[in-house]
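Please open the model in your viewer and keep the selection panel at hand. The tour goes from the whole chain to single residues, one selection at a time.

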Amino acid sequence: MLHFDHSLARDLDGFFVPWQAARPPAPRMIAWNAPLAEALGLGEADPEQLARWFSGAEDLPGSQPLALAYAGHQFGHFNPQLGDGRALLLGEVLMPGGARLDLQFKGSGPTPFSRQADGKCALGPALREYLISEAMAALGVPTTRSLAVVATGEGLWREQPHPGAVLTRIAASHLRVGTFEWAAAHKGREAVEQLTDYALKRHFPDRQEAHNRPLALLDAVCEAQAALVAQWMNLGFVHGVMNTDNVTISGETIDYGPCAFLDAYADDKVFSSIDRGGRYAFGQQPLVCRWNLYRLASALIEAIVAVDEADNEVARQMLEAFPERFEAHWLMGLRAKLGLRSSEPEDMSLGRGLFTALDGQQADFTRLFRALSASLGGDYGVVAAELTEREALWPWWNAWRNRVERDGGDPASRAAAMDAVNPLYIPRNHLTDAALSAAEQGDMAPFERLLDLASHPFTPREGMEAYERGAPDGSPAHVTYCGT
Ligand code: AMP
Ligand code: MG
C-alpha cells in the first residue's frame with residue numbers, strides 16, 4: 001500500500017477544509033500509470049479495487065482528504081477566494097527513496113470552494129492532462145504527473161454530454177503563488193511566515209537557514225520558474241492559463257487545461273478560447289511569469305521587510321533582473337538544441353536571430369530542430385523544406401554552421417546530442433483532439449498509441465511518420481476550451 005503522511009494538515013492548520021470525495025456510481029479504470037504506481041511503492045492490486053480507490057468510491061487506506069484554500073490573479077484580476085473547487089488532496093506519499101509527493105484527485109465532486117460549479121471533470125480533459133503531463137515528464141520538464149484516470153459512470157454536461165472522470169495526479173506539492181496570496185489577503189504576516197517555512201522545508205531545504213527566509217523563498221521560486229518557463233519556450237509549449245493559482249512554488253508545470261504545443265512557430269500564438277487578448281500567448285510567457293512573480297513578492301513583502309527593511313530593495317532588484325535570469329536559462333537550453341557545448345558572447349544574438357529569421361515562415365517548431373541536426377552534414381535542403389521561403393534561413397544557417405565549426409567535435413555525436421534534446425514526437429494538437437474524442441466514444445487505442453510515442457519522444461519509430469507532422473493544411477485551427 002501507499003505510505004501516507006500528512007505534513008500539510010499538521011503544519012498548516014487553517015489553510016484547508018477536511019472533505020470527502022463524491023461516491024461515483026460505477027467506477028471503471030481508463031488509464032493506469034503502472035511504472036509511476038510502482039515508483040510510488042504501490043504494489044500489485046486488482047484493477048477493480050484500484051478503480052474504486054482512485055475514484056473516491058472507496059476511501060484510499062491512509063488518506064485524509066482535504067480541500068486547500070488559495071486565491072489568485074486570473075487574467076490580471078484578483079480573486080481572493082478560489083481554492084480546490086473540484087480537487088482534493090489525499091495526503092503526501094512517502095516514496096521508497098524518501099521523497100514526499102502530494103496525491104490529489106481532480107474531478108471528485110463539489111467542495112466548499114466550488115462556487116456555482118459542479119466539482120467534476122469530463123473524461124476528455126482528464127485524459128488530456130494525463131497525456132500532456134506524461135509527455136512533459138518524458139521531455140524532462142518539471143511537471144505534475146498522472147497516476148490514473150477512472151471513469152465515474154456519471155454523465156456531465158459541458159455544452160453537450162460527456163462521461164465524467166476522476167484524475168489522480170502527483171505533485172511535489174500543490175502550493176501555488178495563489179496560496180501565498182490567500183494567506184496574505186486573509187490571514188496576514190504570521191500565516192505568510194508559517195507558509196514560507198513550510199514551503200522552504202518542502203522544496204528548498206538548503207535555504208531554511210537563510211537570514212531572510214521569505215526573501216530566500218522569493219529568490220528560489222524566481223529561479224525555479226525562470227528555469228521552467230525557459231524549458232517551455234524551448235519546446236514550443238503554450239501553457240494557456242498562467243494565472244497565479246496555476247503557478248507552483250516547486251517550479252513544476254501544473255494544470256493542463258487549454259495548453260498546446262506550437263505547430264508553426266509564432267510568438268503571438270494562442271490556443272485558449274477564453275484568452276481573447278492574447279495575454280498568455282506563446283511569446284508572452286516569460287513576461288507573464290515575471291508578472292506572476294511580482295504577485296508572489298507582494299504577498300511576501302510584509303514578511304520580507306519585517307526581517308530587514310533594506311530587503312525591500314533587494315526584492316525589487318530581484319524582479320527587475322528576472323529577464324536576465326530567464327534568458328540565461330533559455331540560452332542554455334537553446335545551445336543544447338543547437339548542438340553547442342561551448343559558449344560564446346554572441347550566442348544570444350545567434351539564438352534570437354533564429355527566431356527573427358523564422359518569423360512568418362510557418363516552420364514547425366518541433367520539426368525544425370530535427371531538420372537542423374539532419375543538415376549538419378551540409379544539406380541546407382532539409383531545413384529549406386520546412387520553410388515558406390526556402391532561402392529565409394540561409395544566412396542564419398551559415399552563421400550557425402560557422403559557430404558549430406568553432407565548437408569542434410564530430411558531426412555524428414553532435415547530431416546525436418541534438419536529437420536527444422529535440423523531440424520527434426510531441427502530443428500534436430490534432431492527434432490529441434482525435435484521441436480524446438475516440439476515448440470518449442470508448443476507443444482507447446489512439447490515446448494509447450499517442451501516449452506511448454509521447455512517452456518516448458526522442459526515438460524514431462518505424463511507420464509513425466504521421467505523428468511527426470502538424471495538422472494537414474486546411475484543418476480547422478486547434479482551440480481548447482477552459483472550465484473543462
Ligand atoms: P483552473 O482554471 O482549473 O485552474 O480552476 C480555477 C478555479 O476554478 C479553481 O478554484 C478550481 O477549483 C475551480 N474550478 C474549475 N472547474 C471547476 C468545476 N467544474 N467545479 C468546481 N470548481 C471548478
Ligand atoms: Mg488551477
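Begin with the whole chain in cartoon view, where 17 helices and 13 strands can be traced; bear in mind throughout that this is a predicted model. If you turn the C-alpha trace along its principal axes, it spans about 65 × 60 × 45 Å. The radius of gyration is 23 Å, which agrees with the value near 23 Å that a compact globule of 484 residues would have.

Next, switch to a surface representation. The accessible surface of the chain comes to about 19,800 Å², and carbon and sulfur atoms hold 52% of that area. Beneath the surface, 56% of the 484 residues count as buried. If you draw the contacts between residues with a separation of 6 or more, 71% of them join residues that are 24 or more positions apart. Colouring by charge gives another view of the chain: there are 42 positive and 62 negative charges, and their mean positions are 1 Å apart.

Now select ligand 2, the magnesium ion, and show the side chains around it. Which residues coordinate the magnesium ion? The donors are OD1 of Asn246 and OD of Asp255, at 1.8 to 2.2 Å. Asparagine 246 has a relative accessible area of 9% and is therefore buried, as the limit for that label is under 20%. Aspartate 255, at 18% relative accessibility, also counts as buried under that limit.

From the ion, move to glutamine 225, which you will find in helix α7, a helix that covers residues 213–235. Is glutamine 225 buried or exposed? Its relative accessible area is 4%, so glutamine 225 is buried. Display its contacts, leaving aside neighbours within four places in sequence, and you should see Val247, Thr248, Gly251, Cys289 and Leu293. For one of these partners, valine 247, a distance label between the C-alpha atoms will read 8.3 Å, although glutamine 225 and valine 247 are 22 residues apart along the chain.

Finally, select arginine 403, which lies in helix α14, formed by residues 394–407. Although arginine is counted among the positive residues, arginine 403 has a relative accessibility of 2% and so counts as buried. What is arginine 403 in contact with, once its neighbours within four places in sequence are left aside? Show the side chains of Leu340, Ser342, Ser343, Glu344, Asp347 and Leu350, which are its contacts on that basis; among them, Glu344 and Asp347 are of the residue types that count as negative.

Notes. Residues numbered from 1 in each chain as written. Chains lettered and ligands numbered in written order. Predicted model: local features only at pLDDT ≥ 70, side-chain atom pairs only at ≥ 80, totals over all residues. Heavy atoms only, no water. Donors = N, O, S within 2.8 Å, 3.2 Å for Na, K, Ca; no water. Buried < 20%, exposed > 50% of the residue type's maximum accessible area, 1.4 Å probe, protein only. Helix = DSSP H or I, 4+ residues; strand = E, 2+ residues; numbered from the N terminus. Rg over C-alpha atoms; globule rule 2.2 N^0.38 Å. Contact = heavy atoms within 4.5 Å. Areas by Shrake-Rupley, 256 points an atom, 1.4 Å probe, with all protein chains shown as cover. Charge placed at Lys NZ, Arg CZ, Asp CG, Glu CD.
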